[in-house]
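Hello, and thanks for sharing this one. Here are my notes as numbered points, to be read alongside the model.

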Amino acid sequence: MATLSKVDENSGSKLYLFSIVAVAVLGGLLFGYDTAVISGAEKGLQAFFLGAKDFVYTDVIHGITSSSALLGCIIGSAISGFIASRFGRKPALILAGLLFFLSAVGSYRPEFFFFTYGEPTKSLLYMFNFYRVLGGVGVGLASAICPMYIAEVAPSNLRGTLVSWNQFAIIFGQLVVYFVNFLILGEHTNPIIEKIGETVYQVSPQSDPWTISSGWRYMFGSEAFVAGLFTLLVCFVPESPRYLAIVGKDAKSLYILARINGQKAAEAILNEIKSTVSVKSERLFSFGVLVIFVGIMLSVFQQAVGINAVLYYAPRIFESMGMGNPMVQTVMMGIVNILFTLVAVFTVEKLGRKPLLIWGSLGMAIGAIGVSISNVVEVPAFVPVVSIMVYSASFMFSWGPICWVLISEIFPNTIRGAAVAIAVAFQWIFNFIVSSTFVPMYNMTMPGFETFGHMFAYALYAVICIVAAIFVWKLVPETKGKTLEDMTALWRNRSKK
């Protein structure tokens with residue numbers, strides 16, 4: 001085993017730590033990239049399959065195709081605990097990278113081996129959706145394993161900040177793919193889709209043929225470069241030292257801990273880890289029901305506050321408010337999201353997790369109430385726009401990154417893999433519920449009150465935000481400055497009461 005320098009013995013290597021975390025954070029960027037790539041490609045994809053002769057490509061089928069990756073997200077997050085606990089965190093990350101790569105290449109050319117290139121058929125549609133689901137499984141794995149891995153390698157005084165960088169990478173990945181899609185489209189234009197029946201569409205003859213035949217392929221395929229780099233780099237990072245200690249590989253665990261924390265601190269951390277690991281695994285409810293309930297509800301509230309309804313449908317919302325070019329406000333909101341995610345990154349270790357979540361919940365409630373009231377009384381157009389910005393910014397410094405921080409660190413060592421998997425699976429399930437119910441709820445009308453749905457949707461989200469703040473205040477423990485082993489002791493003590 002390599003020896004450590006005197007400096008490393010006392011303090012460890014920050015460069016080593018940051019290089020490890022940077023690789024894991026790249027998984028977060030892929031998470032954002034994969035979930036947002038469909039936004040630029042979906043029109044070209046729709047136009048391509050509208051040319052099929054063996055079936056009618058309806059808007060319902062297109063909706064399912066556009067969101068098919070979400071099914072994979074649920075599957076990936078659900079199996080992440082088994083893979084991470086049975087094979088380790090590093091192999092799980094490698095698998096996620098491979099799935100991202102296969103999905104990108106397969107979505108670029110779904111005809112590979114089995115079908116005629118450029119000929120849209122029902123069988124080809126199935127194959128395309130298969131590749132998108134594969135990518136979704138990768139997203140589900142990455143969404144659970146990346147923050148878990150970062151939390152398990154990071155010192156307690158940096159853990160919140162480093163896990164928060166994963167959320168920043170997700171948002172940044174979404175912005176990156178918007179620009180990549182824009183560059184790929186270049187001087188070409190999206191196809192013009194015309195409605196010819198209640199649920200049937202056709203492509204206008206004036207549409208740009210390149211975007212129908214090739215544009216969407218390059219957009220999906222562009223992810224392969226990032227996915228390949230991520231998979232390669234993960235091969236060079238170490239396994240989580242806490243996982244190594246759990247499976248009895250103490251020497252390897254100590255070496256990694258020493259490189260990160262210094263020799264003396266590493267020995268103390270390893271002893272603390274071993275004192276909380278009586279067996280390699282424990283039953284899920286060994287520490288009581290409350291810890292699992294808190295983890296699940298953190299995930300549920302992160303989605304139930306309605307943020308994805310805003311992010312997915314922002315252009316539609318701004319257009320309904322009479323904005324001249326809704327994309328301008330959407331881009332502005334993207335910039336605001338980035339800036340306020342950085343607020344969380346740089347304050348989470350100073351202010352703590354609970355204060356950020358509580359203040360963020362209240363800020364979201366205020367923003368949602370502002371939008372809701374704007375649909376009841378006549379106000380200047382900037383009022384709902386600013387309200388949505390407040391709503392989104394409040395999420396970005398609170399529930400966006402902090403939920404992932406807490407989920408990665410709140411569970412005891414011996415059940416972390418399974419517990420994180422369950423919590424993240426609930427997150428994707430509620431992502432689907434919120435995203436699929438927003439449009440019908442937003443479009444509800446009442447006699448004499450055409451914007452009733454606009455008002456009701458945001459009033460409901462405001463109430464949920466307030467309930468979320470109360471939940472955090474009453475039930476969520478503060479984890480700032482605590483080791484992962486401290487959380488094991490906390491829940492063990494609570495379960496005995």
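Does Phe168 count as buried or exposed, and at what relative accessibility? Phe168 counts as buried, at 16% relative accessibility; the cut-off for buried is under 20%. Please keep in mind throughout that this is a predicted model.

1. **Overall build.** The protein chain has 22 helices and 2 strands. Its radius of gyration is 24 Å, close to the 23 Å from the globule rule for 497 residues, so the chain is as compact as a globular protein of that length. The C-alpha trace spans about 70 × 60 × 40 Å along its principal axes.

2. **Burial and contacts.** Of the 497 residues in the protein chain, 57% are buried. Among contacts with a separation of 6 or more, 82% are between residues 24 or more positions apart. The chain exposes about 20800 Å², and carbon and sulfur atoms supply 68% of that area.

3. **The Phe168 pair.** The model holds 27 aromatic pairs. In one of them, the rings of Phe168 and Phe172 have centres 6.0 Å apart and planes at 10°, so this pair is stacked. Both residues belong to helix α8 (residues 159-185) and sit 4 residues apart, about one turn of the helix. While Phe168 is buried, Phe172 is partly exposed, with a relative accessible area of 38%.

4. **A tyrosine pair for comparison.** For Tyr458 and Tyr461 the ring centres are 6.0 Å apart, but the planes stand at 90°, so the pair is edge-to-face. These two tyrosines both lie in helix α21 (residues 452-475), 3 residues apart, which is again about one turn. Tyr458 counts as buried at 1% relative accessibility, and Tyr461 is buried too, at 3%. As general background, an α-helix has 3.6 residues a turn, so residues three or four places apart point the same way.

5. **Helix α3 and the aromatic cluster.** Helix α3 (residues 38-49) is mostly covered, with 9 of its 12 residues buried. Phe48 and Phe49 are among those buried residues, as are Leu45 and Gln46. Phe48 and Phe49 also join Phe55, Tyr57, Phe128, Trp216 and Phe220 in one aromatic cluster.

6. **Salt bridges.** There are 9 salt bridges in the model. In one of them the side chains of Glu409 and Arg159 meet at 2.4 Å, N to O. That pair links distant parts of the chain, with Glu409 in helix α19 (residues 399-409) and Arg159 in helix α8, 250 residues apart. Glu409 is buried, with a relative accessible area of 0%, and Arg159 counts as buried at 1%.

7. **A network and another long-range link.** Glu349 and Arg353 form a salt bridge at 3.1 Å, N to O, and both of these residues are buried. Salt bridges with shared partners join Arg159, Glu349, Arg353 and Glu409 into one network. Arg242 and Glu485 form a salt bridge as well, their closest N and O atoms being 2.9 Å apart. Arg242 is in helix α11 (residues 241-246) and Glu485 in helix α22 (residues 484-496), so the pair ties together parts 243 residues apart in sequence. Both Arg242 and Glu485 are buried.

8. **Two buried positions.** Val139 is in helix α7 (residues 122-153) and is buried, with a relative accessible area of 0%. Beyond its neighbours up to four places away in sequence, Val139 touches Phe31, Asp34, Thr35, Cys73, Phe100 and Trp428. Asn166 in helix α8 counts as buried at 1% relative accessibility. With the same sequence neighbours left out, Asn166 touches residues including Ala24, Val25, Cys146 and Pro147.

9. **At the surface.** Phe113 lies in the loop between α6 (89-108) and α7, and is exposed, with a relative accessible area of 72%. Phe113 has a positive phi of about 75° although it is not a glycine. Elsewhere, Ile369, Ile373, Val376, Val377 and Val379 make a nonpolar surface patch of about 380 Å². Within that patch, Ile373 belongs to helix α17 (residues 353-374) and is partly exposed, with a relative accessible area of 46%.

Technical notes. Residues numbered from 1 in each chain as written. Predicted model: local features only at pLDDT ≥ 70, side-chain atom pairs only at ≥ 80, totals over all residues. Heavy atoms only, no water. Buried < 20%, exposed > 50% of the residue type's maximum accessible area, 1.4 Å probe, protein only. Patch = residues over 30% accessible without salt bridge, like charges linked within 9 Å, V, L, I, M, F, W, Y side chains within 5 Å. Areas by Shrake-Rupley, 256 points an atom, 1.4 Å probe, with all protein chains shown as cover. Salt bridge = Lys/Arg side-chain N within 4 Å of Asp/Glu carboxyl O. Contact = heavy atoms within 4.5 Å. Rg over C-alpha atoms; globule rule 2.2 N^0.38 Å. Phe/Tyr/Trp six-rings, centres within 6.5 Å; stacked < 30°, edge-to-face > 60°.
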